[in-house]
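Hi everyone, thanks for coming. I'd like to walk you through one structure today, so please have a look at the screen.

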Amino acid sequence: MGWMWIFWLLLIVGTVVLVFVLVKLLTGNSGGGTRQSGSAPPTGASPRRSLEILEERYARGEISTEEYRDRLRTLEEGDR
């Protein structure tokens, strides 16, 4: 009788782990932290890449024209 409890417990734990792994795979989340969603470019990004990221976000409509101009001005000040 004791083996049946272990079997069912392992079956339930295995099912939960399988569902968790499938959800991670299907959502594209590689794990290990949260997704960056802010104005800061990835650490170590070159000024040119920072500008590309800013332009991409503006093109996708993630930021307003005013915010785009403000951040562009900030990037240009950082180049000096």
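Let's begin with arginine 57, which counts as buried because its relative accessibility is 15%, and the cut-off for buried is under 20%. Please keep in mind that this is a predicted model. Where along the chain does arginine 57 sit? Its place is in helix α2.

Now, how far is arginine 57 from tyrosine 68? Their C-alpha atoms are separated by 8.7 Å, and the two residues are 11 residues apart along the chain.

Tyrosine 68 brings me to the aromatic rings. How many aromatic pairs does the structure hold? There are 2 aromatic pairs. One of them joins phenylalanine 7 and tryptophan 8 in an edge-to-face arrangement. The ring centres are 5.3 Å apart, with 75 degrees between the planes. Are these two residues buried or exposed? Phenylalanine 7 is partly exposed, at a relative accessible area of 43%, and tryptophan 8 is partly exposed too, at 45%.

Tyrosine 58 and tyrosine 68 also make an aromatic pair, and this one is stacked. Here the distance is 4.5 Å centre to centre, and the planes are 25 degrees apart. That counts as stacked because the cut-off is under 30 degrees. What does the pair tie together? Tyrosine 58 belongs to helix α2, residues 47-60, while tyrosine 68 belongs to helix α3, residues 65-79, so the pair links parts that are 10 residues apart in sequence. As for cover, tyrosine 58 is partly exposed with a relative accessible area of 33%, whereas tyrosine 68 is buried with 16%.

Let's move to helix α1, which runs over residues 2-27. Here is a nice check you can do yourselves: at 1.5 Å a residue, its 26 residues should span 38 Å. The C-alpha atoms at its ends are 38 Å apart, so the expected span and the model agree. And what comes just after α1? Glycine 28 is there, with a positive phi of about 75 degrees.

Last stop: the surface. Which residues make the nonpolar patch of about 930 Å²? The patch is made by Leu9, Val13, Val17, Leu18, Phe20, Val21, Leu22, Leu25 and Leu26. Take leucine 22 as an example: its place is in helix α1, and it counts as partly exposed because its relative accessibility is 42%. As a reminder for reading such a list, an α-helix has 3.6 residues a turn, so residues three or four places apart point the same way.

That's my tour, and I'm happy to take your questions!

Notes:
Residues numbered from 1 in each chain as written. Predicted model: local features only at pLDDT ≥ 70, side-chain atom pairs only at ≥ 80, totals over all residues. Heavy atoms only, no water. Phe/Tyr/Trp six-rings, centres within 6.5 Å; stacked < 30°, edge-to-face > 60°. Buried < 20%, exposed > 50% of the residue type's maximum accessible area, 1.4 Å probe, protein only. Helix = DSSP H or I, 4+ residues; strand = E, 2+ residues; numbered from the N terminus. Expected span 1.5 Å × (residues − 1). Patch = residues over 30% accessible without salt bridge, like charges linked within 9 Å, V, L, I, M, F, W, Y side chains within 5 Å. Areas by Shrake-Rupley, 256 points an atom, 1.4 Å probe, with all protein chains shown as cover. Salt bridge = Lys/Arg side-chain N within 4 Å of Asp/Glu carboxyl O.
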